[in-house]
Amino acid sequence: MNILLSAYSINPYKGSEDAVGWNWVLTLSQKLPNSTIYILTRTYNEDDTRKGIEEFGLKNVKLIIVEVPKALDWFREKHSAFHHAYYILWQKVAYNWAKSSGIKFDVIHHISMGNYRITGQMYKIKDAYTIFGPVGGGQTTAPALRSYYNSNKLYENFRNSVNKAFSKFNFYKKQINAFDKVYAVNDETKNAIETAVNINCEKLCDIAISKDMQNLDIHHENNDEVEIIYLGRIIELKGIMLLIDVIKNIKTDKKFHISLYGEGELEEQAQRKIDEYGINDLVTLKGKVDYTEIADIYKNADAFVHPTLRDSSGAVFVEAMANKLPIVALNQSLSRDLNEHKCGLFVNTEQSKEEIINEFAGKLKELIENYDLRVKLGQNGYDYANTYLTMDYKFDTIYGKLIK
């Protein structure tokens, strides 16, 4: 088989969407050694991707670089809205290459960017089985929590309006309908797609547990002080200020500490709020952490908190569950599935801001005070991640049916 992966974002040495793209390359190359895997990406990813192909010995992988005119590079960096316009243009160039390549593609898989609103044009290639996703983007911030946005408030309002409008656009319905298979990463995106188009959109998480983190031998002791961690950017979208409000409301005699690992534009503001609340002994901004330190951070923690206001899924969830850490987060996107499988404690967002804060604080208090509960939920998450959040599972779900 000839398989074409449209992977605008891909890198063997990075996380998030870059890792999603690379995981598909690695998995398809290893699972289908007699197939040729074509990676269609941009110049920005070229050096690291070539290095990864060589390092992993992927003999059946070919890298194809296409690019928009270099004069438009400045356009991409101005704002995320401009970046999306740049990406749409790149997708047009990518399609033109595929159409004129002279290669008979059996499967064309649109991997990234994983935005359900931007389909690209690969569905136009005749005689190929076309796959779109898994994609996200349908998730929104709960109304009660939108006051935590300051600099991004206008963008969030615009984004919500665009999401609602897409369900009515005929051109979008035509594009989505043209794919042979569509996958969404969460219920919100699945519902958004199915509202727009009468198709069966399957749900499949885009992120996966890495091979080196599968089936780890992990045991967390019942320590005198409970260590809770957050890993991610210190920005509005990740709900950092919400978390600080939550910490202020945790009432327990059990000793605990919350470490915030990451950097971002809210670091100074967050520290001022911590000082104002007088909770410096409970929460510490740790700053940027080197990737080599992450394994020990997970190993020495007792629970994981992720207060993001909206997210398509969240790679850090997978890492936390691989290390048997129970999760506390808002009940949305991937958390809905994790809640169903009892991988942690999740907060109802369909209530007032004050109620959300109090419930969030109560969930953390419950975990802080109950070692057995932490162990039970952590084991549930560990089992879920090693069963449903592996590339083997994703490969079987999408490609298993195609190669039978």
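## Close-ups of helix α14, the open sheet and the aromatic pairs

**View 1. Helix α14 spans the distance expected from its residue count.** At 1.5 Å a residue, the 18 residues of α14 should cover 26 Å, and the C-alpha atoms at its ends are indeed 26 Å apart, so the two agree. The expected span here is 1.5 Å times one less than the number of residues. Helices (H or I, at least four residues) and strands (E, at least two) are DSSP runs, numbered from the N terminus. A note for every view: this is a predicted model, in which local features need pLDDT of at least 70 and side-chain atom pairs count only at pLDDT 80 or more, while totals for chains, interfaces and linings use all residues. Residues are numbered from 1 along each chain as its sequence is written, and side-chain values use heavy atoms, with hydrogens and water left out.

**View 2. What does the buried part of α14 pack against?** Its buried residues pack against β8, α11 (315-322), α12 (334-340), β13 (344-347) and α13 (353-369). Among those buried residues are Tyr371, Leu373, Arg374, Leu377 and Gly378. Buried means under 20% relative accessible area, exposed means over 50%, and partly exposed is in between (1.4 Å probe, protein chains only). At the start of α14, a side-chain oxygen of Asn370 comes to within 3.3 Å of the backbone nitrogen of Asp372. That is a polar contact: N or O atoms within 3.5 Å, where, within protein, one must be able to donate a hydrogen and the other to accept it, and residues adjacent in sequence count only if both atoms are side-chain atoms.

**View 3. Tyr384 and Tyr388 make a tilted aromatic pair.** The ring centres are 5.3 Å apart, with 45° between the planes. For rings of Phe, Tyr and Trp (its six-membered ring), a pair needs centres within 6.5 Å; planes under 30 degrees apart count as stacked, over 60 as edge-to-face and the rest as tilted. Both tyrosines belong to helix α14 (residues 371-388), four residues apart, or about one turn of the helix. An α-helix has 3.6 residues a turn, so residues three or four places apart point the same way. Tyr384 counts as buried, at 10% relative accessibility, whereas Tyr388 is partly exposed, at 34%.

**View 4. Tyr8 and Trp90 meet edge-to-face.** The model has 14 aromatic pairs. In this one, the centres are 5.3 Å apart and the planes sit at 70°, so the pair counts as edge-to-face. It ties together distant parts of the chain: Tyr8 is in the loop between β1 (2-7) and α1 (16-31), and Trp90 is 82 residues away in helix α4 (residues 80-100). Tyr8 is buried, with a relative accessible area of 0%, and Trp90 is buried with 0% as well. Add Tyr87, and the three make up one aromatic cluster.

**View 5. Two lysines sit over tyrosine rings.** The charged end of Lys124 is over the ring of Tyr95, 5.4 Å from its centre. Lys248 does the equivalent with Tyr277, at 5.2 Å. The rule is that NZ of Lys or CZ of Arg lies within 6 Å of the ring centre and within 35 degrees of the ring normal.

**View 6. Seven strands line up in an open, parallel sheet.** The order runs β3-β2-β1-β4-β5-β6-β7, with β3 (61-65) and β7 (202-203) as the edge strands, each pairing on one side only. Two strands pair if DSSP finds at least two bridges between them. β2 (residues 36-41) and β3 share five bridges, with Tyr38 opposite Lys62 in β3. How much of β4 (residues 107-112) is covered? Six of its six residues are buried. Five bridges join β4 to β1, and there Ala7 stands opposite Ser112. Four bridges join β4 to β5 (residues 129-135), where His109 has Ile131 as its bridge partner.

**View 7. Val226 in strand β8 (residues 226-231).** Val226 is buried, with a relative accessible area of 1%. Leaving aside neighbours within four places in sequence, its contacts (heavy atoms within 4.5 Å) include Phe256, His257, Ile368 and Arg374. Val226 and His257 are 31 residues apart in sequence, but 6.3 Å apart C-alpha to C-alpha.
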